[in-house]
There are 2 protein chains.
Amino acid sequence: MVQLFALEGIPPVVAGDDLAKLTVDALELAELQLQPADVLVFAQKVVSKAEGRRVDLATVTPGERALELARTVGKDPRLVELVLRESRRIVRTAKDVLIVEHRLGLIMANAGIDQSNVHEDGNFALLLPEDPDGSAGRLRTRLGELTSVQPGVIISDSFGRPWRVGTVGVAIGCAGVASIIDMRGKPDMFGRPLRVTVIGHGDEIAAAASLLMGQADEARPVVLVRGLASTSAKAKPASALLRPPETDLFR
Amino acid sequence: MVQLFALEGIPPVVAGDDLAKLTVDALELAELQLQPADVLVFAQKVVSKAEGRRVDLATVTPGERALELARTVGKDPRLVELVLRESRRIVRTAKDVLIVEHRLGLIMANAGIDQSNVHEDGNFALLLPEDPDGSAGRLRTRLGELTSVQPGVIISDSFGRPWRVGTVGVAIGCAGVASIIDMRGKPDMFGRPLRVTVIGHGDEIAAAASLLMGQADEARPVVLVRGLASTSAKAKPASALLRPPETDLFR
C-alpha cells in the first residue's frame, strides 16, 4: 500500500524560512513520524519563496527582444524579460504561449515563472529555484538533522504537455529517491526483453502528490508519500529526467 | 489522505474473461470493500486481453508501406503493418522509433501495440482496446452490478514523452472520474486568475497507480485508489485529455 498525506498548517512561506523546520512542525501536528523510505514532495513555489526567488516586476526593464516578443505572445514585457533571462532558447511562441528551454534544461511555459499566489498586489513574479536538485539535497540533509531520518525529497511543478490537455506534476528536483528507474535488460514474465525500459519514477511521484496539493491555494504545498520502494542516497537526480538533445525528436 | 492498493491474485487474463469479476475476487481476497469515491485503475494490457485484442503475427501480411517503414525503423514488418492499421498518421520515425497518432487520437510509440508479456512464444501482439472510454464505462457498470457500488474506472498505459526521459502512466480510458479538472476562472489565494487552468487529473491518477503496478510482470495490473474527491457519472472521458489539433504547437 502507498499512502499520501497532504500536510496541513504550513504557513505562508517567505524568503529565509526554514522549510524543513516548517515541514517537521506540520508532520508533528499531523502526528506523523518520518520513516526512512518516506518521500516528501514540495511544491516548487514554496521552495522558490524560501530561497528568495521573488522578483518585483517594477525593478525589471525589458530589452528590445522582450518588448518585441511580448507583442507576439501578448504578455507583460517585464515578465517576458525575466523569461528570456531564465532561458537558453525559445521553443514555441503563439498568442498567450511562450514555451522555452529553461537554463536548467526543462522545456516549459514561461520558464516556470509564476505570477499566481506570489503576492497580494500581483506585481511580483517567482522564479524557479537556482538549482532544484541542490535544493532537494539541502532539504533532505536538513530534514535529517531535525528528525534523524533522511527522507527522499522531490520538488514538483505543474507542466503542460504537447498533444495532451491539462497539466501534470513533474519532478524538477530529486534527492534520495530515484528520478528514473532503468529496467533495460530485465525480462518480462515470458523472458522477452521489456518494451518499456526506463520509468519516469520521479515524475510519477510528483503527479501523485499533485492530486493532493490542489492549485487554487497554497495550503497544502507539501505531501508525504509513504510505502514506495526504498529511497537511496545514490539515486539519480531530476536532471536525469531531461532528454539529451541527440535523442529528442521534438526539439 | 489518499491510499493506493495494488490488488494481488489477479490470474493471467485471457479473451472473454470477466475482468470486473476477477477484480471483485481480488478485492475480497484483500478484504477491501468498494466505496463510492474509489477509483480502480486497470493496466491497458489486461483490458485488451480480456477483450480479445491479441493478434497472431503469423496471420499478418505486411504491405509495401509497412515493409519500407520497417526498414527505416528496424522493426518487424508485421508489427509495423499492425501499427499502420491502427494509426491515422505517422508523427516521427527514426531507428527503433515509430511514433504515430493512433486512430483514437493518442500520440504514442507503436500505436500502443505491445509485444511484452503477451504470450510465451513471443509471436503475438496486443492492440489497444477498440474504445477505451467505452471499456472503462462497461467495467464501471459491471463492477456496480457485482458490488452495488460504481467506482471511477481508469484504463492506463505507459507513455514516453518528448523532452523527458522515462515513461509515465497516462489515462487512455475514464469513466465516472474526471479526466480533466477545469480551474479556469477560479482565483488564486490573492484573487488573481490562476495561471494553471486545466489539470490532467486522469493522467495524474494513472501515473500514481503506475507506481504500484510495476512493469516487469503482470501480477499487479489493477490498483485501487481511495480518498480522492468524489467521482461523478458526468465526469469527462479520457478523450477530453486529447489536445485538439488547432491548439497543438507540436504536431
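Here are some exercises on a predicted model with two chains, each followed by a worked solution.

**Exercise 1. Trace the sheet that involves both chains, and find its edge strands.**

Begin with the general idea: strands in a sheet pair through backbone hydrogen bonds, in parallel or antiparallel fashion. Now follow the order of this open sheet, which has ten strands: S9(A)-S8(A)-S2(A)-S12(A)-S1(A)-S1(B)-S12(B)-S2(B)-S8(B)-S9(B). Its pairing is mixed. The edges are strand S9 (168–175) of chain A and strand S9 (168–175) of chain B, each of which pairs on one side only. From one strand to the next, the twist averages 25°.

Next, look at the place where the chains join. Strand S1 (residues 2–6) of chain A pairs with strand S1 (residues 2–6) of chain B in the antiparallel sense, over three bridges. If you want a residue pair to click on, try Val2(A), whose bridge partner in S1(B) is Leu4(B).

**Exercise 2. Which strands does helix H5 of chain A touch as it packs on the sheet?**

Helix H5 (residues 132–147) of chain A touches strand S2 (39–43), strand S8 (152–159) and S9 of chain A. For its orientation, compare directions: that of H5 makes about 65° with that of S9(A).

**Exercise 3. Is S9(B) mostly covered or mostly exposed, and how many bridges join it to S8(B)?**

Start with burial, where 20 or more other C-beta atoms within 10 Å make a residue buried. Eight of the eight residues of S9(B) are buried, so by this cut-off the strand is mostly covered. Then turn to the pairing: strand S8 (residues 152–159) of chain B and S9(B) run antiparallel and are joined by seven bridges. One pair to look up is Ile154(B) with its bridge partner in S9(B), Cys174(B).

**Exercise 4. Describe how helices H1 and H5 of chain B pack.**

Two packed helices are described by the angle between their axes and the distance between the axes. Helix H1 (residues 19–29) and helix H5 (residues 132–147) of chain B pack at about 50°, and their axes are 9 Å apart. The two helices are therefore oblique to each other. H1(B) passes H5(B) in a right-handed crossing.

Now collect the residues. From H1(B) come Leu19(B), Ala20(B), Lys21(B), Thr23(B) and Val24(B), which meet Leu139(B), Arg142(B), Leu143(B), Leu146(B) and Thr147(B) of H5(B). Sorted by class, this contact has six nonpolar, two polar and two charged residues.

**Exercise 5. Describe the packing of H6(A) and H6(B) in the same way.**

Helix H6 (residues 201–213) of chain A packs against helix H6 (residues 201–213) of chain B at an angle of about 125°, with the axes 8 Å apart. H6(A) and H6(B) are therefore oblique to each other, and their crossing is left-handed.

In H6(A), the contact residues are Glu204(A), Ile205(A), Ala207(A), Ala208(A), Ser210(A) and Leu211(A). They meet Glu204(B), Ile205(B), Ala207(B), Ala208(B), Ser210(B) and Leu211(B) in H6(B). By class, that gives eight nonpolar, two polar and two charged residues.

**Exercise 6. Asp96(B) has a positive phi, and so has Asn110(B); is each buried or exposed?**

Asp96(B) has phi near 70° and lies in the loop between strand S4 (87–94) and strand S5 (97–102) of chain B. With 9 other C-beta atoms within 10 Å, Asp96(B) is exposed.

Asn110(B) has phi of about 55° and sits in the loop between strand S6 (107–109) and strand S7 (124–126) of chain B. Asn110(B) is buried, because 22 other C-beta atoms lie within 10 Å.

How values were computed
Residues numbered from 1 in each chain as written. Chains lettered and ligands numbered in written order. Predicted model: local features only at pLDDT ≥ 70, side-chain atom pairs only at ≥ 80, totals over all residues. Pairing = 2+ DSSP bridges. Helix = DSSP H or I, 4+ residues; strand = E, 2+ residues; numbered from the N terminus. Axes fitted to C-alpha atoms, helices over the stretch in contact; angles between N-to-C directions. Contact = placed C-beta atoms within 7 Å. Parallel < 35°, antiparallel > 145°, perpendicular 65-115°, else oblique. Left-handed = near helix turned anticlockwise from the far one by under 90°. Nonpolar A, V, L, I, M, F, W, Y, C, P; charged D, E, K, R; others polar. Buried ≥ 20, exposed ≤ 12 C-beta atoms within 10 Å, placed from the backbone.
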